[in-house]
Amino acid sequence: MLSGTYIYGMDRKGRVVMPSGFRTQLGAPFVLTRAPEQCLLALSAPQWEALVSRYENSILFRGYYLSAAVECPVDETTGRFLIPHVLRDYAELRPMDEVAISGIGRAVQVAKRTRWEEHLKTGEFPSLGQLDLDLEVPRPVETQPYTQNLRRPMGLPVVSCRGRMHGKAVRRLVSTVLKLMEEAPPLIVLDVRDTGETVPAMGVVHTLTRAQRFEQSIPLWVVSDGELPADQGITFFHDVEEVFWKLEELRPRGRRRARPVEEPLEPPAEVEV
C-alpha cells in the first residue's frame with residue numbers, strides 16, 4: 001500500500017524526485033498520466049496494464065487516461081523522473097515549483113503543492129471514479145484524525161470509529177473495549193467502516209482483547225466494508241442493519257420482544273469516548 005506525502009522542488013528541466021519507497025513499489029519505468037483536478041497519476045507497469053485490459057472498451061478511459069499516458073524512466077542515482085511538457089502544462093507545474101508526491105493506495109498522485117494544500121483545507125479530494133476502487137484509494141474520512149463514539153441502541157454498546165487507526169487510536173479502542181467488558185454486556189459491536197489502515201489495526205485489537213473476550217465469553221461483532229483478520233469469538237457484518245437482523249433471529253420464540261439487557265425508554269445521545 002502506497003501512503004504518505006513528500007514535497008520536492010521541480011528543477012529547470014521539469015524533473016522531480018520520486019521517493020525511494022514509492023520507486024520500489026512502482027518499479028521503473030512507471031506510467032504517468034493525467035488525473036482529475038489538474039493532478040497526475042503514477043502507476044506501476046503491471047497495474048497500468050491491468051487497468052488498460054479492464055477498461056479497453058471505455059471511451060472515457062481511452063480518451064482521458066490512455067491518451068495522456070507516458071512511460072517514465074527513473075534516474076538510479078538521483079531518483080528523479082521527467083514530467084513531459086504536456087503533463088506539466090495540464091498540472092500547471094513550472095520549473096522551481098514545489099510538488100507534492102502522495103501515495104494513494106496502489107498509485108501515486110503528483111500535484112502542485114499549493115493545489116494539494118488547498119485540497120487539505122477544503123477536505124475535497126480529486127475522485128478517480130471507478131478507478132478509486134481499483135487502486136484502493138482511501139476515502140478522505142479514512143485519513144482524518146481518529147475519533148470514536150459510544151452509543152447504546154437496544155441497550156447494546158456500539159462503538160463507531162472514524163479516521164486513521166494509527167497506534168494511539170488502536171490503544172484507545174482496545175481500552176474502550178476492555179472497559180465495556182467490565183459491564184459484562186451480551187456482546188460488543190464495533191463499527192469500523194469509516195476507518196483507514198483498518199486491517200492491521202483490527203488484527204491488533206483482536207489480539208489484545210482475546211484473553212478477556214474468551215474469559216468472559218463476550219462476542220465481538222465487527223461492522224466493516226472489507227475483509228478483516230478472522231479470530232475466534234468475532235462475527236463480521238457489512239452494515240449495522242445486518243447486526244439488528246441477527247439480533248432478531250437470536251430472540252427467543254414465543255416472546256414478542258427479548259432484550260439482551262435492560263433498555264432505556266429513550267436511547268441516550270452519542271457521547272465521546
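**Exercise 1. Place Asp97 in this predicted model and decide whether Asp97 is buried or exposed.**

Solution. Begin with the chain position: Asp97 belongs to the loop that runs between α4 (85–91) and β7 (98–105). Next, take the relative accessibility of Asp97, which is 17%. The cut-off for a buried residue is under 20%, so Asp97 counts as buried. Last, list the neighbours. Leaving aside residues up to four places away in sequence, Asp97 touches Tyr8, Gly9, Met10, Glu92 and Lys112.

**Exercise 2. Describe the protein chain as a whole: how many helices and strands are there, and what share of the residues is buried?**

Solution. Count the elements first: the protein chain has nine helices and 14 strands. Then turn to burial, where 44% of the 273 residues count as buried. The exposed surface comes to about 15,100 Å², with carbon and sulfur atoms supplying 52% of it. Finally, consider contacts in the chain with a separation of 6 or more: 64% of them are between residues 24 or more positions apart.

**Exercise 3. Work out which strands pair with β3 and in what sense.**

Solution. Step one is the strand itself. β3 covers residues 30–35, and five of its six residues are buried. Step two is the partner β4 (residues 39–43), which pairs with β3 in the antiparallel sense over five bridges. In that pairing, Val31 has Leu43 of β4 as its bridge partner. β3 and β4 make a hairpin with three residues between them, and Glu37 in the turn has a positive phi of about 60 degrees. Step three is the other partner, β5 (residues 70–72): three bridges join β5 to β3, and the two run antiparallel. Here Leu32 is opposite Val70 of β5. Step four looks just before the strand, where Pro29 sits in the loop between α1 (20–26) and β3. The peptide bond between Ala28 and Pro29 is cis, with omega about -5 degrees.

**Exercise 4. Compare the expected span of helix α8 with the distance between its end C-alpha atoms, then find where α8 has a kink.**

Solution. Take the 19 residues of α8 at 1.5 Å a residue: the expected span is 27 Å. The end C-alpha atoms are 25 Å apart, which agrees with that value. Now look for the kink, which is about 50 degrees and centred on Arg210. For burial, the buried residues of α8 include Thr198, Ala201, Met202 and Gly203, as well as Val205, His206, Thr209 and Arg213. Among the elements that cover these buried residues are α7 (167–181), β11 (188–196), β12 and β13. After α8 comes Ser217, with a positive phi near 55 degrees.

**Exercise 5. Which residue forms a salt bridge with Arg210, and which parts of the chain does the pair tie together?**

Solution. The partner of Arg210 is Asp231, and their closest N and O atoms are 3.1 Å apart. Arg210 lies in helix α8 (residues 198–216), while Asp231 lies in the loop between β12 (220–223) and β13 (234–237), so the salt bridge ties together parts that are 21 residues apart in sequence. Arg210 is partly exposed at 28% relative accessibility, whereas Asp231 is buried at 18%. Elsewhere, Asp11, Arg15 and Arg80 are joined into one network by salt bridges that share partners.

For a contrast in sequence separation, take Glu117 and Arg113, whose closest N and O atoms are 2.9 Å apart in their salt bridge. Both are in helix α5 (residues 113–122), four residues apart, so about one helical turn separates them. Glu117 is partly exposed at 29%, and Arg113 is partly exposed at 26%. The structure holds 13 salt bridges.

**Exercise 6. Locate Met154 and Ala184, and decide for each whether the residue is buried or exposed.**

Solution. Start with the background: most residues other than glycine have a negative phi. Met154 has a positive phi of about 60 degrees and lies in the loop between β9 (147–151) and β10 (158–164). Met154 is buried, at 18% relative accessibility. Ala184 has a positive phi near 55 degrees, and its place is in the loop between α7 and β11. With a relative accessible area of 54%, Ala184 is exposed.

Methods:
Residues are numbered from 1 along each chain as its sequence is written. This is a predicted model: local features need pLDDT of at least 70, side-chain atom pairs count only at pLDDT 80 or more; totals for chains, interfaces and linings use all residues. Side-chain values use heavy atoms; hydrogens and water are left out. Buried means under 20% relative accessible area, exposed over 50%, partly exposed in between (1.4 Å probe, protein chains only). Contact means heavy atoms within 4.5 Å. Accessible areas come from the Shrake-Rupley method with a 1.4 Å probe; for residues, only the protein chains shown count as cover. A salt bridge is a side-chain nitrogen of Lys or Arg within 4 Å of a carboxyl oxygen of Asp or Glu. Two strands pair if DSSP finds at least two bridges between them. The expected span of a helix is 1.5 Å times one less than its number of residues. The bend at a residue is the angle between axes fitted to the seven residues ending there and the seven starting there.
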